[in-house]
Amino acid sequence: MARFTNADPGESTVSLPPLVEPAAELTVDEIRRYSRHLIIPDVGVEGQKRLKNARVLCVGAGGLGSPALMYLAAAGVGTLGIIDFDTVDESNLQRQIIHGVSDVGRSKAESAAASIREINPLVKVEIHNTALDRDNVKEIFSQYDLIVDGTDNFATRYMVNDAAVLLGKPYVWGSIYRFDGQASVFWAEHGPCYRCLYPEPPPPGMVPSCAEGGVLGVLCASIGSIQVNEAIKLLTGIGEPLVGRLMVYDALEMSYRKIKVRKDPNCVLCGANPTVTELLEDYEDFCGAVSEEAQEAVVDSTITALELKEWQDAGKDIFLVDVREPAEYEIVRIPGSTLIPKGEIISGEALATLPQDRQIVLHCKSGVRSAEALAALKAAGFRDAVHVQGGVLSWIKQIDPSLPAY
């Protein structure tokens, strides 16, 4: 269980020495560019020299990575690393402001690097156009002073944390979902790690991703700017970083609150007697994309979008159920489908409304939620129920490309 309490405004926090040594000098061009930093007493020439000498890696050039990279570049961080294997999609442009229309289809890392060079040509950019995995994470992290985590899935978050702890690296973490955001600094030498806050990942399917639940675009800027603020504090040794504290932001209420996070003495990674001393073999397996029940349920009970279309064209008597949320159903739907959100199936609320004399076919956006719903139906006795592999996205790709993907 997470170990945290509401922070006392008067409680002492952690002040830390600068993370990097200062560069030898600032050029005339640098003095002109960073003059508004130089006249801040807490930053000054010395602090700007430290930023110039710093090497910061941003994991992801997406929602959080976009504002983080832009402001790190503008602040004069000397070397910025970008790791991202994805390409720019049109749906990214609502929040991933480092990319533009002309970048659609382009490598995110390359696109972000081009924007950074336009913002500040004095910054050196190092591109890692690859997926971060257990085979390269430690080698890549070892090249940098500080990690800024902009990932959006639990498997990568745990891997980033574990690698940072094993290497003794601090990292700035952020998370966003709909109107809510969180941020903290994890540095096992001076406070808790991510596993102290979340010892175990949530059950599969319990926490929707931004792709499933959505995110207010501007929220990325709110949390990304907090991450950069923390990075600057760590690099220059000013202020009191969010080590041992979790910042929680509610955009609808326009409220910020801080929660104290205690280091867990029994943490399997950074505790007194750690049992995790190397990276896990499989972080996807540790976090579980879908539950064991769902994995069992889909065996021999999965059809493709093409097969669904063939069934419909042949007039097969099926009951097609869309288990997404109403807002998603309004965006795009497979013809002939009936909306019954996954939660109503999992809770049992909708079971009485399902026909017993027709084969039930479930689908969602990509196949994860429909697999979980299928497990619930199988357990309730609907043994011939199936789900559509790839969901609506596969239908759009294979059957009707004119429909909007999201």
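A residue counts as buried when its relative accessible area is under 20%, as exposed when that value is over 50%, and as partly exposed in between. This report applies those terms to a predicted model.

**An enclosed helix**

Helix 4 spans residues 65-75, and eight of its 11 residues are buried, so the rest of the structure largely encloses this helix. The buried positions are G65, S66, P67, A68, L69, L72, A73 and A75. After helix 4 comes G76, which has a positive phi near 95 degrees.

**Salt bridges**

Side chains of opposite charge can pair when their charged atoms come close. Across the whole structure, a search finds 16 salt bridges. Three of the pairs are listed below, with the separation of nitrogen and oxygen atoms.

| Salt bridge | N to O distance |
|---|---|
| E30 and K52 | 2.9 Å |
| E230 and K233 | 2.7 Å |
| D313 and K309 | 2.9 Å |

The pair E30 and K52 links two helices: E30 belongs to helix 1 (residues 28-33) and K52 to helix 3 (residues 44-53), so the salt bridge ties together parts that are 22 residues apart in sequence. E30 is buried, because its relative accessibility is 8%. K52, by contrast, has a relative accessible area of 26% and is therefore partly exposed.

The other two pairs each lie within a single helix. An α-helix has 3.6 residues a turn, so residues three or four places apart point the same way. E230 and K233 are three residues apart in helix 10, which means that about one helical turn separates them. Both E230 and K233 are buried. In helix 13 (residues 305-313), D313 and K309 are four residues apart, about one turn of the helix. D313 is exposed, because its relative accessible area is 57%. K309 has a relative accessibility of 28% and so counts as partly exposed. Elsewhere, R55, K124 and E126 are joined into one network by salt bridges that share partners.

**Cavity**

The structure holds one cavity of 30 Å³ or more. The space in the largest cavity amounts to about 30 Å³. Its lining is made by N161, A164, V165, K169, Y171, F186, W187, A188, P192 and C193. Helix 7 (residues 154-167) supplies the largest share of this lining, with three residues. Sorted by class, the lining comprises eight nonpolar residues, one polar residue and one charged residue.

**Nonpolar surface patch**

On the surface, F179, L216, V218 and L252 make a nonpolar patch of about 370 Å². One of these residues, V218, is located in helix 10, which covers residues 217-236. V218 counts as exposed because its relative accessibility is 57%.

**Positive phi outside glycine**

Most residues other than glycine have a negative phi. Which value does phi take at R178? R178 is not a glycine, yet its phi is positive, at about 55 degrees. R178 sits in the loop between strand 6 (171-177) and strand 7 (180-186). Its relative accessible area is 37%, so R178 is partly exposed.

D300 is another residue other than glycine with a positive phi, near 60 degrees. D300 is placed in the loop between helix 12 (292-298) and strand 10 (302-303). With a relative accessible area of 78%, D300 is exposed.

**Separation in sequence and in space**

Two residue pairs illustrate how positions along the chain relate to positions in space. E240 and S15 are 225 residues apart in sequence, while their C-alpha atoms are 4.9 Å apart. E240 lies in the loop between helix 10 and strand 8 (245-250). Its relative accessible area of 40% makes E240 partly exposed.

V392 and G44 are 348 residues apart along the chain, and 54 Å separates their C-alpha atoms. V392 is found in helix 17 (residues 391-398). V392 is buried, because its relative accessible area is 1%.

Notes: Residues are numbered from 1 along each chain as its sequence is written. This is a predicted model: local features need pLDDT of at least 70, side-chain atom pairs count only at pLDDT 80 or more; totals for chains, interfaces and linings use all residues. Side-chain values use heavy atoms; hydrogens and water are left out. Patches are made of residues with over 30% relative accessible area and no salt bridge: like charges are joined within 9 Å, nonpolar side chains (Val, Leu, Ile, Met, Phe, Trp, Tyr) within 5 Å. Accessible areas come from the Shrake-Rupley method with a 1.4 Å probe; for residues, only the protein chains shown count as cover. A salt bridge is a side-chain nitrogen of Lys or Arg within 4 Å of a carboxyl oxygen of Asp or Glu. Buried means under 20% relative accessible area, exposed over 50%, partly exposed in between (1.4 Å probe, protein chains only). On a 1 Å grid over the protein atoms alone, a cavity is a set of points where a 1.4 Å probe fits but cannot get out, and a pocket is an open set with protein on both sides within 12 Å along at least five of seven lines; lining residues have an atom within 4 Å of a point. Grid points are joined across faces, edges and corners, and a volume is the space filled by probe spheres set on the points. Ala, Val, Leu, Ile, Met, Phe, Trp, Tyr, Cys and Pro count as nonpolar, Asp, Glu, Lys and Arg as charged, and the others, Gly among them, as polar.
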